[in-house]
Amino acid sequence: MEAKQLLIDGNWIPAEEGKTIPVIDPSTGQEMGAIARGAEKDVHHAVLAAQGAMEGTWGNLTAVERGRLIAKLGQLILENKDELTQIESRDVGKPLKQAANDVIACARYCEFYAGAVDKIHGETIPYLEGYTVLTLREAHGVTGHIIPWNYPLQIIGRSVIGALTMGNATVIKPGEDASLSALFLGNLAMQAGFPAGSLNIVTGYGEEAGAALSRHSGLDHISFTGSPRVGTLVQQAAAVNIIPVTLELGGKSPQLVFADADLEKALPFVTNAAVQNAGQTCSAGSRVLIEESIYEPFIEMLAARFSALRVGPSQKDYDVGPLINQTQYKRVNRYMEQAKGLEILAQGEVIPDAPAGGFYVQPTLLGRVPAEHQLAKEEIFGPVLVCISFKDEEEAIAIANNTDYGLVAGIWTADGGRQMRVAKAIKSGQIFINNYGAGGGVELPFGGMKGSGFGREKGFEALYGFSVLKTIAMHHG
Ligand code: NAD
């Protein structure tokens, strides 16, 4: 395998047009390699290869056999943990510790799904006299997976491995800014013995390879994680082909801290959920809603944490790495312009010798942000945490629900009744009570409400989404 190649039908080949895309190291802004610029024809070949796999060896494997391949892949991921960590860290700009977590999470998806593969059962349904009715869970067929740049390994784990588990053949379009770990993973899958065509990878730009994949009539399902704008385009394309879609479009996830909460326990969760992966996390806890009576002491604790954060090159493993690219850097800085006039409670420090071309921004804690402010409602996708005060439970719920998104929420309180009342009142796909898991928990169904999208990945629930139910009614008299 070479980074400048695509994986189609078990073969590593260059893009048909021979073009490439430079790979930029976010820590330096310097070019560090290239990937293939796949386009329409390459996507077409990949989809044909996946269709062939469904009709051939892959489509005829038993669940147990698929499980063994997935387990083997998980094992190979762990055996190659150090190299994968280096690749993911350098390519995405993640501090090494965070990249290592992502590698382990990707292996965990393989472990979880390898164990689940033969535990998805159909049902028998009582019906009329002389009938037996049963349901089967079948693969959709060919599934497309458009992956963003922020958590390539984790998102391939939750999406592609889930689809393979149910026997689908997959075509992956990784983010053009972070494709290297996907390619390495493709190589491991071939080593593990996945049949040709079961897992294909076409790197390339979103408007070329991504758009070609989402409109390809050979797809039977498509899963997309990324921006709402592109999610809408993907759904429109899928509508033309009448195929199901899973959309995961980010969030503005709140953490609600009530006066009776264990503040010392909440503190690291609230901080980390906002700055993990430099805030470029769909489930980042990017708003903290604090009960007025503890607002001052809690923001003091948070400010001490934020001031201590150090930002530097991914490979030096500081608390926070660079943003992914120049576009994201400009976007976050544009949002920071909106912060003028707001109270800046604390900022972390970019280390003085950070390479000049790297996309570094200071982690920033903003105080008393009005609930209607743009920064309190829009996804910044940078290491910025906005603090908002509330006076009671009712107001906390109203503010929590006051965005277009509904992905994750954290509730910090010792009051059991309130925990459940608030959890039920917040419109969000995942709720954490006295803990918070940005991106974690392969066992936990994950996905959005409202503008955060629909469909669930992770856990057993993902396997229902990556399969289709068939009902068989047999009349035997
Ligand atoms: P994006 O939506 O443009 O990219 C996500 C994926 O979609 C990439 O693989 C990209 O190549 C592909 N893509 C782009 N245009 C496409 C098209 N027309 N058809 C099909 N596929 C296409 O996201 P971005 O530009 O990388 O980031 C922009 C913003 O999106 C971020 O600032 C952030 O707010 C959000 N985002 C969210 C997530 C998330 O996890 N929910 C991940 C990445 C970005």
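A residue is counted as near a molecule when one of its heavy atoms lies within 4 Å of that molecule. With this cut-off, the surroundings of the ligand in this predicted model can be described. The ligand is surrounded by 27 residues, and the closest are Ile147, Trp149, Lys173, Glu176 and Ser227. Sorted by character, this shell consists of 12 nonpolar, 9 polar and 6 charged residues.

Individual atom pairs add detail to this picture. An oxygen atom of the ligand lies 2.8 Å from a backbone N or O atom of Ile147, a residue that is also among the closest to the ligand. The backbone of Ala211 contributes a polar atom 3.4 Å from a nitrogen atom of the ligand. In the case of Glu248, an N or O atom of the side chain is found 3.5 Å from a nitrogen atom of the ligand. On its own, the ligand has 800 Å² of accessible area, of which the protein covers 89%.

The space that the ligand takes is the largest pocket. Four elements each give two or more residues to the shell: helix 7 (206-215), strand 10 (221-225), helix 8 (228-241) and helix 11 (326-338). The largest share, 4 residues, comes from helix 7. At the level of domains, domain 1 (6-249 + 453-473) and domain 2 (254-442) each supply at least three residues to the shell around the ligand.

Note on methods:
Residues are numbered from 1 along each chain as its sequence is written. This is a predicted model: local features need pLDDT of at least 70, side-chain atom pairs count only at pLDDT 80 or more; totals for chains, interfaces and linings use all residues. Side-chain values use heavy atoms; hydrogens and water are left out. A polar contact is a pair of N or O atoms within 3.5 Å; within protein, one must be able to donate a hydrogen and the other to accept it, and residues adjacent in sequence count only if both atoms are side-chain atoms. Accessible areas come from the Shrake-Rupley method with a 1.4 Å probe; for residues, only the protein chains shown count as cover. On a 1 Å grid over the protein atoms alone, a cavity is a set of points where a 1.4 Å probe fits but cannot get out, and a pocket is an open set with protein on both sides within 12 Å along at least five of seven lines; lining residues have an atom within 4 Å of a point. A molecule sits in a cavity or pocket if more than half of its atoms lie within 2 Å of its grid points. Ala, Val, Leu, Ile, Met, Phe, Trp, Tyr, Cys and Pro count as nonpolar, Asp, Glu, Lys and Arg as charged, and the others, Gly among them, as polar. Domain bounds come from an automatic or database domain assignment.
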